[in-house]
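Thanks for making the time. I was asked to walk through one structure for people who have not seen it before, so please have a look at it first.

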Amino acid sequence: ANMKKTLTNMLESDKNLKFSNVETKTFILWGKKDTTTPPRQATTMYEKLPNAELKFYANWTHAPYISDPEGLARALATLIKRMKK
């Protein structure tokens, strides 16, 4: 019951999020096989975030740590290396 209330609160607060106010560099990594949160939502976020990069991964589902843990680790390692430059 608490988790459901938390999720409801999160979804409600997200409605007021102003993506244009997010100035931080944002990397959006998304699975093409995500049926929980479809890829079109990643594109919508990407279009609204002023300083974002978007990359889709063919084998990822909503939980890439399960569907492609090695691919997720590689993607995160690549981003960490880029951030250090």
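I will go from the overall layout to a few residues and their surroundings.

One caution before the rest: this is a predicted model.

Let me begin with the fold. The protein has four helices and two strands. Read from the N terminus, the order of these elements is α-β-α-β-α-α. As for dimensions, the C-alpha trace spans about 35 × 30 × 25 Å along its principal axes.

How much of the protein is buried? Of the 85 residues, 24% fall in the buried class. The accessible surface amounts to about 6800 Å², and carbon and sulfur atoms contribute 56% of that. On charges, there are 15 positive and 8 negative ones, and the mean positions of these two sets are 2 Å apart.

Now to contacts along the chain. If we take contacts with a separation of 6 or more, 61% of them are between residues 24 or more positions apart. The residues I pick next give some examples of such pairs.

Start with the salt bridges. The count is two. In one of them, the side chains of Glu53 and Lys25 meet at 2.9 Å, N to O. Glu53 belongs to strand 2, residues 52–57, while Lys25 sits in the loop between helix 1 (2–14) and strand 1 (26–31), so this pair ties together parts that are 28 residues apart in sequence. Glu53 also meets the side chain of Arg82 in a salt bridge, at 2.6 Å, N to O. Here the partners are in strand 2 and helix 4, so parts 29 residues apart in sequence are tied together.

Put side by side, Lys25, Glu53 and Arg82 are linked in a network of salt bridges. Are these residues buried, exposed or in between? Glu53 is partly exposed, at 27% relative accessible area. Lys25 is partly exposed as well, at 35%, and Arg82 is partly exposed at 39%.

Staying in this region, look at Thr26, which lies in strand 1. Which residues does Thr26 touch, leaving out those up to four places away in sequence? They are Leu49, Asn51, Ala52 and Glu53. So Glu53, already mentioned for its salt bridges, is also one of the contacts of Thr26. The C-alpha atoms of Thr26 and Glu53 are 6.4 Å apart, although 27 residues separate the two along the chain.

Next, Phe19. This residue is in the loop between helix 1 and strand 1. Its relative accessible area is 19%, and Phe19 therefore counts as buried, the cut-off being under 20%. Leaving aside residues up to four places away in sequence, Phe19 touches Met45, Lys48, Leu49 and Pro50. Leu49 is also on the list for Thr26. For a distance, take Phe19 and Tyr46: they are 27 residues apart along the chain, and their C-alpha atoms are separated by 9.2 Å.

On to the aromatic rings. How many aromatic pairs does the structure hold? There is one. The partners are Tyr57 and Trp60, and the rings are stacked, with 4.0 Å centre to centre and 10° between the planes. Both Tyr57 and Trp60 are buried.

A residue that touches both of these is Lys32. Lys32 is found in the loop between strand 1 and helix 2, which covers residues 39–48. Apart from residues up to four places away in sequence, Lys32 touches Pro39, Phe56, Tyr57, Ala58 and Trp60. Is Lys32 buried or exposed? Lys32 is exposed, with a relative accessible area of 54%. So an exposed lysine is in contact with the two residues of the aromatic pair, and those two are buried. In the other direction, Lys32 and Lys85 are 53 residues apart along the chain, with 29 Å between their C-alpha atoms.

Last, Pro69. This proline lies in helix 4, which runs over residues 69–84, the helix that also holds Arg82. Pro69 is partly exposed, with a relative accessible area of 36%. The C-alpha atoms of Pro69 and Leu11 are separated by 27 Å, and the two residues are 58 apart along the chain.

To recap: the salt-bridge network joins Lys25, Glu53 and Arg82, and the stacked aromatic pair is made of Tyr57 and Trp60. That is what I had.

Technical notes: Residues numbered from 1 in each chain as written. Predicted model: local features only at pLDDT ≥ 70, side-chain atom pairs only at ≥ 80, totals over all residues. Heavy atoms only, no water. Buried < 20%, exposed > 50% of the residue type's maximum accessible area, 1.4 Å probe, protein only. Contact = heavy atoms within 4.5 Å. Areas by Shrake-Rupley, 256 points an atom, 1.4 Å probe, with all protein chains shown as cover. Lys, Arg positive; Asp, Glu negative; His and termini not counted. Charge placed at Lys NZ, Arg CZ, Asp CG, Glu CD. Phe/Tyr/Trp six-rings, centres within 6.5 Å; stacked < 30°, edge-to-face > 60°. Salt bridge = Lys/Arg side-chain N within 4 Å of Asp/Glu carboxyl O.
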